[in-house]
Every structure is written in structure tokens, then in C-alpha cells.
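These are my notebook entries on a single structure. I set down what I looked up, entry by entry.

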Amino acid sequence: EMGILCLCCTLSNMSVSQTPPPDAPIEKDEKPFKMPMTWMKAGAPPEKPLQHAFLGFSWMIILVCSKFMQAAGFEFWTIIFSQVALACLIILIAFWEDFFPRQKKKVGKMAPNLGRIEYVEGERLTIPTDKVTVVNFFLPHEKACQPCLPVLAQLASRWKEEGVAQVLGISVQHKVTTEPWLKEEVSAEARPTYPIACDFNMFTTQAYPVKDVPYAFVIDRSGRIAWQGHPLQGLDKAVRKAYAQPVPPPPEPAAASSGGGKAPAKSSSGKGK
């Protein structure tokens, strides 16, 4: 029973804490790189209290089941096999998001702040502005991100000339990895013509959140996310559609209207007294 418990703890540990840090070498792959949520704070204890409570409760259930199976006269290997199968099923349920990450839809919601990133090149951007903002998340050495670089560089130059949009590239690796990559490995035609920043602590990446790279978000002039998806799948059309949308007027301050409504009430009550 203790052996099965240790095996369950080892399997759950592998799924949570033994994730490679953002600076670890990444195997190149033509498919979009799946970035599990446990990457968000690599090296720190995973913040999954509900999952851990579920696992602790489940291990107790496994031990209780084994006692009942022993009392019922099941064979030793039958009990071992059933416990291992049940443990694997529990881990799969508890950490489904880590094994099969899915991109959450954020269209229509206010875009998270871009203040907690470290810039490598270019000037700091703010949102919202009088232009549409494109935020592209990428991994410097990932093969799936390389075809986006020249296309996004051309689009950024065109949008800048037309005054339509501003672009920000956010690397999910550290500055010590991203900066040499920009200077030494990126070709002239693919070199970004827009600011590049790093989000090594994953605060911004987790706020959006991002599960696959490359992945882009289009933020309209009111500060809301108007589109999200792969940078090579309809980005230019989404930017122009977001720019064509009218900017809603800022809401009137509530203090002025409420103050104006209360003044007559006070004066009339004073007269009555």
C-alpha cells in the first residue's frame, strides 16, 4: 500500500513540479508549441490547492479500497493493478489542464496591463491608445515561431505608416536568451521593426493567458481584446476591422451627476425644517 502511495505521489510530482524552466533547451517542432500552465512560475511551488486537496483525499480512498479488496479475498496483483489504474485516472483528472492545455477565449474583455515586462528593444507601449495594439507571444528558438517573424515585421511597418496599429512582441524567455537571439540569429528580413519585451516571470503571459506559441492578441482602441489567434491566420484583417470600429466615448463621471442630484434635496429639506 505504501509502495502504491509513493508511486502516486511520484506521478503527480512529475506532472507538476518537474517542468523545464523557460530557459531550458526546447526541441524544435513545426507544430505550435504547447505551453502548459505549470510553466507560468517555473521553479516555484505550484499554486494548485484544490488539485492537491483532491489528490490527498483520493489517496485515502485508494487505501480504503485496497482494504475492502483484501477483505473480499481479491488476489494481490489484482489489487496492485487496480490501485495503479485508479491512481493514474486520479492524476489525469486533477491535472487535465496541464496534460491537455486549451486556449481560453478573451475576446470582448479588457486587455491585461502590459507594465510587468522587461523591454529588450524599442520604446514602451501603453494601452489603450488611438491605435490598435497587436501583442504577439513567442519563443525565440521555437521553429513554429520563425515563419511569423518576417510577416509580422512587414505588417508592423505597413500599419505604422498608415497609423493603424502598434505591435509588441513578448518573448516568454529571459532577456539573456532573447537579446543574443535578436542580435545574432535573426535575419535582416525577419528582424522585428517593433518593440520586443521579455516576460520571464510570466505575469503577463498568465494574465492573458497564453497556452500555445506563437499566439497574438488584437486590442482595440478602447482597450478591449478584439481578436486572438495564430499570427498568420487573419491578423491583418482583424486589425483593420478593430480600427474601423468607433471608439466609445468615455463614461461621464458619476460624482458630478450624483452631487448635482443631492444638492436640491438638501436645500428643500432645510427649508422644510
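Entry 1: cysteines. I took buried to mean under 20% relative accessible area. By that cut-off I entered Cys 198 as buried, because its relative accessibility is 4%. I note here that the model is predicted. Cys 148, at 3% relative accessibility, also counts as buried. I then looked for disulfides, for which two cysteine sulfur atoms must lie within 2.5 Å. The count came to 0 disulfides. Cys 148 is in no disulfide, and the nearest cysteine sulfur, that of Cys 145, is 6.4 Å away.

Entry 2: salt bridges. How many salt bridges does a search of the whole structure find? I recorded 5 salt bridges. I looked up several of these pairs in turn.

Glu 121 is paired with Arg 191, and their closest N and O atoms are 2.5 Å apart. I placed Glu 121 in strand 2 (residues 118–121) and Arg 191 in the loop between helix 6 (175–185) and strand 5 (196–198), so this pair ties together parts that are 70 residues apart in sequence. Arg 191 has a relative accessible area of 29% and is therefore partly exposed.

Arg 240 forms a salt bridge with Glu 162, the closest N and O atoms being 2.8 Å apart. Arg 240 belongs to helix 8 (residues 235–244) and Glu 162 to helix 5 (residues 148–162), so the pair ties together parts that are 78 residues apart in sequence. I entered both residues as partly exposed: Arg 240 has a relative accessible area of 31%, and Glu 162 has one of 43%.

Arg 240 also forms a salt bridge with Asp 236, with 3.3 Å between the closest N and O atoms. Why are Arg 240 and Asp 236 separated by about one helical turn? I noted that they are 4 residues apart in helix 8, which accounts for that separation. Asp 236 counts as partly exposed, at 23% relative accessibility. I therefore wrote down Glu 162, Asp 236 and Arg 240 as linked in a network of salt bridges, given that a salt bridge needs a side-chain nitrogen of Lys or Arg within 4 Å of a carboxyl oxygen of Asp or Glu.

Entry 3: helix 5. I next followed the helix that holds Glu 162. Helix 5 has 15 residues. From its first C-alpha to its last it reaches 21 Å, close to the 21 Å expected at 1.5 Å a residue. Which residues of helix 5 are buried? I listed Cys 148, Leu 149, Leu 152, Ala 153, Leu 155, Ala 156 and Trp 159. The cover over these buried residues includes strand 3 (132–138), strand 4 (165–171), helix 6 and helix 8. Just after helix 5, I found Gly 163 with a positive phi of about 70°.

Entry 4: backbone. I looked up cis peptide bonds and recorded one from Ile 127 to Pro 128, with omega near -5°. Pro 128 sits in the loop between strand 2 and strand 3. A cis peptide bond also joins Val 213 and Pro 214, where omega is about 0°. I located Pro 214 in the loop between strand 6 (212–213) and strand 7 (215–219).

Last, I checked Met 202, which takes a positive phi of about 65° although it is not a glycine. Met 202 lies in the loop between strand 5 and helix 7 (203–207). Is Met 202 buried or exposed? I entered Met 202 as buried, because its relative accessible area is 0%.

Technical notes: Residues numbered from 1 in each chain as written. Predicted model: local features only at pLDDT ≥ 70, side-chain atom pairs only at ≥ 80, totals over all residues. Heavy atoms only, no water. Buried < 20%, exposed > 50% of the residue type's maximum accessible area, 1.4 Å probe, protein only. Helix = DSSP H or I, 4+ residues; strand = E, 2+ residues; numbered from the N terminus. Expected span 1.5 Å × (residues − 1). Contact = heavy atoms within 4.5 Å.
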